[in-house]
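Let's take a relaxed walk through this structure. Keep the viewer open and turn it as you read.

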Amino acid sequence: MQAHPTVRGIEAEIVRRAFWLLPVTFGLLLPAAKAFGWPLILLHPLPIATGARTLALLALAGAIIGVALVWFWRLGLARGGPKLGSWRLSIVLGMLLVLLLEWIARQPAAVHAVWAALAARAVRPEDYALRQAAMFRQATAPCRTEDGRPRLLVVGTSQLLNNVDYARLQRLLPDMEVKKFSMPGMYPTRMLMTGPRLRARTNDTIAVYWSEFDMCGVSKIDAGWYRPVANAKGMGQVVSQFPLGVFRAQWREVLDVGLASVSELWRDRDAFRLLMHRLGGGRVDAVSPPKAHVEPGTVGVGPYPAGLTNDAVFNRGLESACHLLKTWKDIGARVVVLEGSVSPSIHRAETAPRRLQARNMLEQLCRELGFTYFSEQEQSYVPGPADWRAAPYLKTECRAPFTDAVADAVRGVAPRSGSTRVSQEEVGVGRF
Amino acid sequence: MIFNSTIFLVFFAVAFAVYAFLPHRAQNWWLLATSYFFYSSWDWRFLSLLLLSTGVDYVLAKAIEDSTSPRRRRSFLVFSMCVSLGVLGFFKYFNFFTDNLIALLTSMGFESHRWHLNIILPWGISFYTFQTMNYTIDVYRGHMKASRNFLDFAVFVSFWPHLVAGPIMRASVLLPQVQNPRTLSWERARDASWLILWGLFKKVVIADNLATIVDAVFGGRTPMTAPYVLVGVYAFAFQIYGDFSGYSDMARGFARLMGFDLMINFNSPYFSRNPAEFWRRWHISLSTWLRDYLYIPLGGNRHGVGRTYINLALTMLLGGLWHGAAWTFVAWGAYQGLLLCVHRALAGPERHKPTGEWQWRDVWSIVVMFQLACVGWLLFRAESMEQVWAMLSGLSRTGDVGWPDLSPWLALVILCAPLGFVEYVQERGGDPLAPMRLSLVPRTALLAVIMGGLWALGNTNSLAFIYFQF
């Protein structure tokens with residue numbers, strides 16, 4: 001019977017036979033990452049802009065790292081057998097390595113790369129929410145360059161995401177840099193979490209589109225929604241809005257989001273998992289799982305009516321909205337609140353008093369804070385019953401007048417009044 | 001409450017903190033209380049089944065031992081087996097047998113109405129039933145003394161780390177550990193931590209992420225072409241291994257922390273070179289149970305070649321049926337039986353090879369055996385025999401292969417790379433704890449991969465272990 005080799009013997013064999021493997025791997029990996037990194041991340045061919053000299057230096061650096069690792073490995077093998085203290089050292093070093101990964105993941109370029117890679121791969125209908133989260137994380141990544149113009153932050157739910165033509169809005173407001181910071185399901189309570197990611201500042205103009213339905217959209221803590229956008233400051237604000245009973249009932253979700261608010265690796269776990277399964281890209285024609293299938297047109301409709309009858313949920317929404325407005329006031333930003341509307345088909349008897357309640361409260365607060373509130377009647381475009389294709393979404397042809405209405409509202413409060421209205425002919429869309 | 005859930009962490013923290021400070025007898029009371037709490041957290045009503053199984057076998061084993069009449073002893077044993085198998089049969093196989101019986105009668109022209117009952121399968125029923133059965137049989141055979149302490153026996157049956165998915169412990173091994181004082185030490189804690197951490201990694205990182213690929217392929221959400229069928233089946237091979245061996249490792253780890261030693265349930269099975277070796281490495285507690293309490297009593301290899309083949313086939317067929325009431329499991333059992341028979345016919349009576357005797361020239365046998373195992377996994381995972389045929393016929397089609405089609409293969413490689421490294425060290429080192437003896441650099445890298453993987457890729461949805469349903 002042949003005896004088993006010792007683990008040291010197995011290791012020594014690996015190091016002896018494969019000592020060249022690590023230097024070669026790292027020597028190839030580093031220049032390849034530099035040359036092909038972005039094309040692989042974006043799944044899009046790009047010209048190689050790196051010079052041969054840089055690539056050669058990176059190859060050398062990679063090889064040196066590989067040699068160093070092998071050398072450390074040999075050094076470890078030369079020492080005595082593993083003792084308890086040695087295990088503790090491994091655990092500490094292992095944790096330090098994870099912390100190093102965490103630090104790398106927090107770097108703006110890494111954040112951008114992860115979410116850009118995700119956006120390129122989240123191509124199936126069921127990926128809709130994660131794709132929009134990726135867009136949001138990319139749009140709010142700290143490494144995004146800005147051109148110095150005053151910013152218009154369009155912040156809201158999928159209503160703003162789908163109903164506004166952002167290219168048109170940018171053309172209508174050439175003196176402002178339009179930022180699409182909307183996400184499906186970003187009701188005021190959830191906006192408390194995303195708020196700090198907007199990095200709103202003095203002279204920014206923030207446009208929101210809030211109806212009574214936005215106030216009743218959040219009845220519980222949805223970890224899947226909060227996780228990718230969590231941050232410590234926002235977590236504190238969200239926590240302040242929920243009663244203790246919610247935390248008791250949903251402590252797992254709170255723990256999950258709490259971890260996401262302090263760790264980028266935890267925050268990006270949905271992205272990492274999808275990326276791992278779609279490294280080469282995703283098949284668009286793959287059949288979606290029946291339950292998870294989400295049509296963009298139906299996103300955000302589900303929770304609307306349920307929360308309307310719940311005072312606690314509705315009041316939480318209103319309080320969150322007020323909290324946000326006060327925060328933006330403290331920052332020195334300008335805010336335009338447009339009263340939101342939805343298809344009359346989902347209006348119910350309980351909608352009318354809620355609508356009035358939301359309108360009165362927001363209007364009064366805007367007046368107190370010096371912000372502008374546009375009730376539905378005051379907006380330059382009021383969608384008619386035939387203009388809706390789904391409960392919260394307008395028909396494609398109605399996006400232009402809606403965008404114009406947003407631009408009109410923003411113009412009233414924009415920091416610079418020099419912007420000229422772009423005619424319909426200039427933007428290439430007929431007048432409705 | 002399952003090992004990979006947050007609530008379990010709380011349970012374990014409390015259960016262990018109290019346990020560590022109690023004297024031996026009180027520890028047993030505490031273990032019984034926590035085990036019953038653990039089981040009833042799923043559905044308290046089925047605690048009665050556990051109590052029934054415990055009570056019946058406790059009383060009957062004593063009666064067997066106390067009785068001097070062989071006939072009475074045999075009657076007690078038969079009664080015990082009837083109760084155990086009756087309960088198991090009702091909960092697990094009633095609908096399967098009645099459905100198939102009615103289908104058969106209908107096909108023969110008899111008119112019959114459906115007898116389908118809405119039966120919930122109690123978690124772990126197959127595991128603790130087999131465990132109590134081996135106790136009673138061993139007492140009957142005189143291999144061990146009947147327990148005279150109900151508390152000790154009840155702890156043996158319900159010991160929470162292995163209650164719902166094994167390992168199926170022999171009473172002769174576990175009962176003495178319950179009866180005698182146990183020692184806790186830092187060395188045991190270190191080994192236990194490794195087993196728990198690695199088991200958790202295998203479950204929530206490897207198995208649960210591979211489930212995405214497997215569910216897509218077996219759920220018909222990918223093209224039914226060779227690249228997808230193959231990746232789906234390979235992914236399932238590692239998913240079920242990560243899932244089940246992950247549970248077993250965690251069970252061993254938790255038990256070890258509390259001073260118990262549970263048997264090794266998996267010994268790098270995908271390094272097997274033939275079907276006989278595979279079954280010495282895969283689900284060892286079940287395969288040895290089937291060998292000792294089914295194959296050998298049937299006659300084993302003592303009654304000629306033909307009878308040996310029949311015994312082998314019958315044992316594996318029943319082993320397949322043990323996994324679940326479906327024709328796919330029956331087919332899987334039959335397939336395993338066929339593999340064992342063919343291997344025996346080709347290689348002669350199996351020479352016992354120690355598992356560490358691994359040579360590079362064995363790679364070919366290992367690769368072939370893995371493919372054969374994967375055919376079995378196709379039968380095991382498929383929803384129906386129709387799906388098996390559809391997937392097998394899909395192997396003849398390649399379809400249009402593009403970069404996106406490589407994605408599941410890349411995910412499979414990424415997820416299985418750490419598993420491959422650890423399994424290699426375990427296999428060569430001849431010890432499941434061999435990775436603990438790695439030197440600083442690979443050990444640190446491995447720990448970083450495990451911790452980072454759990455943190456960034458671990459599934460937090462607390463997916464149930466596959467074997468809980470058996």
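Of the 432 residues in chain A, 52% are buried, where buried means under 20% relative accessible area, exposed means over 50% and partly exposed lies in between (1.4 Å probe, protein chains only). Keep in mind that this is a predicted model, where local features need pLDDT of at least 70 and side-chain atom pairs count only at pLDDT 80 or more, while totals for chains, interfaces and linings use all residues. Residues are numbered from 1 along each chain as its sequence is written, chains are lettered from A and ligands numbered from 1 in the order in which they are written, and side-chain values use heavy atoms, with hydrogens and water left out.

Chain A has 21 helices and 5 strands. These are DSSP runs numbered from the N terminus, with at least four residues (H or I) for a helix and at least two (E) for a strand. The accessible surface of chain A is about 19800 Å², and carbon and sulfur atoms hold 63% of that; the areas come from the Shrake-Rupley method with a 1.4 Å probe, and for residues only the protein chains shown count as cover. Now for contacts, meaning heavy atoms within 4.5 Å. Among the contacts in chain A with a separation of 6 or more, 83% are between residues 24 or more positions apart.

**Where the two chains meet**

How many residues does each chain bring to the contact? Chain A brings 54 and chain B brings 59. Together the chains bury about 4700 Å², with 65% of it on carbon and sulfur atoms; buried area is the accessible area (1.4 Å probe) that two parts lose on being put together, summed over both. On the chain A side, A:Trp87, A:Met276 and A:His277 lose the most area to chain B, together 15% of what that side buries.

Charged pairs show up here too. Side chains of opposite charge can pair when their charged atoms come close. The rule for a salt bridge asks for a side-chain nitrogen of Lys or Arg within 4 Å of a carboxyl oxygen of Asp or Glu. Across this interface the rule finds 1 salt bridge, and A:Glu13 forms a salt bridge with B:Arg428. The interface also has 11 residue pairs in polar contact (both at pLDDT 80 or more). A polar contact is a pair of N or O atoms within 3.5 Å; within protein, one must be able to donate a hydrogen and the other to accept it, and residues adjacent in sequence count only if both atoms are side-chain atoms. Which helix gives the most to the side of chain A that touches chain B? That is H4(A), with 12 residues.

**Salt bridges elsewhere**

Over all chains, the structure holds 38 salt bridges. Here are some to look up, with the bridge from above included:

| Salt bridge | Closest N and O atoms |
|---|---|
| A:Glu13 and B:Arg428 | 3.4 Å |
| A:Asp204 and A:Arg151 | 2.7 Å |
| B:Arg25 and B:Asp152 | 3.0 Å |
| B:Arg281 and B:Glu427 | 2.8 Å |

Take the pair B:Arg25 and B:Asp152, which form a salt bridge. B:Arg25 counts as partly exposed because its relative accessibility is 34%, whereas B:Asp152 counts as buried because its value is 4%. In the pair B:Arg281 and B:Glu427, both residues are buried, and A:Asp204 and A:Arg151 are both buried as well.

**A few residues to click on**

Find A:Arg227 in the loop between helix H11 (223–226) and helix H12 (232–241) of chain A. Is A:Arg227 buried or exposed? A:Arg227 counts as buried because its relative accessible area is 8%. Not counting residues up to four places away in sequence, A:Arg227 touches several residues, including A:Asp256, A:Trp266 and B:Thr460.

A:Gln241 sits in helix H12 of chain A. Its relative accessibility is 13%, so A:Gln241 counts as buried. Leaving aside neighbours within four places in sequence, A:Gln241 is in contact with A:Leu192, A:Arg316, A:Glu319, A:Ser320 and A:His323.

Over on chain B, B:Trp360 lies in the loop between helix H13 (327–347) and helix H14 (363–381). B:Trp360 is partly exposed because its relative accessible area is 49%. B:Trp360 helps make a nonpolar surface patch of about 560 Å², along with B:Val363, B:Trp364, B:Val367, B:Val368 and B:Leu372. Patches are made of residues with over 30% relative accessible area and no salt bridge, with like charges joined within 9 Å and nonpolar side chains (Val, Leu, Ile, Met, Phe, Trp, Tyr) within 5 Å.
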